[in-house]
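Here are a few short exercises to work through with the model open beside you. Try each task before reading its solution.

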Amino acid sequence: MFLHQQSTTPQLIPTRFLWRYGGNQVFLCGSFTRWVDTVPMQTVEGSPGLYSCVVSLPPGYHQYKFIVDGEWRHDEAQACLPDPMGNVNNWIFVKAVDAQSAGQVPLNLNRPSNTSNVNFVRGEEHKRSAPDGDTDMETSSSAAESSMLIIGDEVSFTRQKVAEFLSSHTAYELVPDSGKVIILDTQLRIQTAFHALYEQGIPAAPLWDSVRRQICGMISASDFIDAINKIRLSSAKSQIFEELDAHTIATWRARKASQSPLKKLVWLAPEENLKNAALICLKGNCSLVPIIAIGGKSNENDKSDMRLLHLASLSAILSFLSRHFKSSMVAFPLLARPLDSLPIGTWQVSKDKNGDKMQRISKLHTIKPNTKLTDALNLLLEANVSSLPIVNDRGALIDIYARSDIIQLASDSAQRHH
């Protein structure tokens with residue numbers, strides 16, 4: 001059981017929860033489980049569609065919700081309250097039981113009991129006026145829970161829940177019901193390829209080798225930056241875009257391969273679970289990874305039959321996670337914490353004699369409005385960042401320059417030359 005009593009545990013009141021609207025599997029989740037663990041609900045004998053469970057709760061306000069066949073639901077017939085994120089939760093107020101009537105009372109899990117020692121959560125029993133604001137509810141509930149629950153730290157529980165969820169879903173679920181995918185032939189000229197990326201509003205695209213008849217790699221804004229830097233070293237400034245227009249993607253890749261091995265194509269099979277998909281994106285340092293189906297029924301390993309389904313990304317995986325839990329993001333306690341309390345980005349919180357304070361753990365790369373474009377491009381590659389804040393002399397943010405912005409430069413040049 002996920003509820004553990006400490007030696008100083010406050011009085012716990014057996015509270016029965018009822019779900020009366022059917023379903024194949026019904027679970028209860030709430031502030032009393034820190035929105036992490038779930039309590040399975042059992043069908044009530046002789047009452048089709050009725051589910052019941054009993055949870056021992058400390059006196060005070062509690063919020064809760066039902067998970068019916070994988071979907072978050074609240075009971076509109078019971079007291080409701082929006083949380084700070086705009087989601088609607090049910091709430092109850094558990095009354096304390098005086099010492100004279102606090103004896104052990106057997107609970108009938110099949111039918112609602114009339115004993116006064118059991119709080120019932122069904123219909124009008126809890127249709128009281130809502131408490132004055134979320135603050136009182138959170139304070140009362142959190143204080144009780146902090147002395148009642150020992151369920152580990154937020155990071156561990158959030159990591160566990162996210163891992164379990166992602167492991168049970170596949171990359172195929174990221175593929176939209178309808179849409180388009182852009183793939184560029186390696187026989188295209190480099191400048192035309194980047195103009196196509198700009199026109200389609202995409203930061204990268206897979207490459208198709210028409211000779212070998214397979215997807216052979218990806219092209220992105222980083223490749224354009226790399227090409228400009230290499231041509232700049234061997235050509236006059238005015239000839240950079242003419243030189244770019246003289247190369248196809250295939251000849252440029254061959255030129256790069258003669259200097260150093262090309263980066264292998266990182267891709268996902270549709271059956272890959274989303275946890276592995278996220279790890280592949282991180283380990284490969286890839287912002288976009290193609291989802292590719294290989295082979296057919298006769299030969300599942302036939303690489304000459306490669307079908308591009310979609311482009312996966314970490315942001316797409318996070319969006320998928322968010323959509324599934326949009327009704328109750330508090331199921332992940334870590335996500336409710338402020339950014340400045342987490343060791344992410346370039347800052348972290350450290351404690352000193354005067355309390356918490358922020359300290360920089362990595363360099364924040366910035367540029368100024370008068371920074372040369374070539375210097376900004378080099379910094380994007382060297383620092384391995386997707387964008388650079390543009391600051392004034394006082395260090396105030398005035399704009400952001402991203403890798404994808406360089407694609408517009410290629411597009412403008414292509415339009416001037418064609």
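**Exercise 1: Arg 34 and Asp 69**

With 26% relative accessibility, Arg 34 falls in the partly exposed class, where buried means under 20% relative accessible area, exposed over 50%, and partly exposed in between (1.4 Å probe, protein chains only). Before going on, note that this is a predicted model, in which local features need pLDDT of at least 70 and side-chain atom pairs count only at pLDDT 80 or more, while totals for chains, interfaces and linings use all residues. Residues are numbered from 1 along each chain as its sequence is written, and side-chain values use heavy atoms, with hydrogens and water left out.

Task: find the loop that holds Arg 34 and the sign of its phi.

Solution. Step one: Arg 34 sits in the loop between β2 (26-30) and β3 (39-40); strands (E, at least two residues) and helices (H or I, at least four) are DSSP runs, numbered from the N terminus. Step two: its phi is positive, about 60 degrees, although Arg 34 is not a glycine. Most residues other than glycine have a negative phi. Step three: try Asp 69, in the loop between β6 (60-68) and β7 (71-73). Its phi is also positive, near 50 degrees, and Asp 69 is partly exposed, with a relative accessible area of 43%.

**Exercise 2: Helix α9 and Val 385**

Task: determine which side of α9 the buried residues take, then move on to Val 385.

Solution. Step one: Ala 376, Leu 377, Leu 379 and Leu 380 are buried in α9. They lie on the same side of α9 because they cover an arc of only 160 degrees around the axis, taken from the directions from the helix axis to the C-beta atoms. Step two: Asn 384 follows α9 and has a positive phi, near 55 degrees. Step three: Val 385 belongs to the loop between α9 (373-382) and β18 (387-391) and is partly exposed, at 24% relative accessibility. Step four: leaving out residues up to four places away in sequence, Val 385 touches Leu 380 and Arg 403, a contact being heavy atoms within 4.5 Å. Val 385 and Ala 402 are 17 residues apart in sequence, with 8.7 Å from C-alpha to C-alpha.

**Exercise 3: Strand β1**

Task: which strand pairs with β1, and in what direction do they run?

Solution. Step one: six of the seven residues of β1 (13-19) are buried. Step two: β1 runs antiparallel to β5 (47-57), joined by seven bridges; pairing requires at least two DSSP bridges. Step three: look across from Trp 19 to find Tyr 51 in β5.
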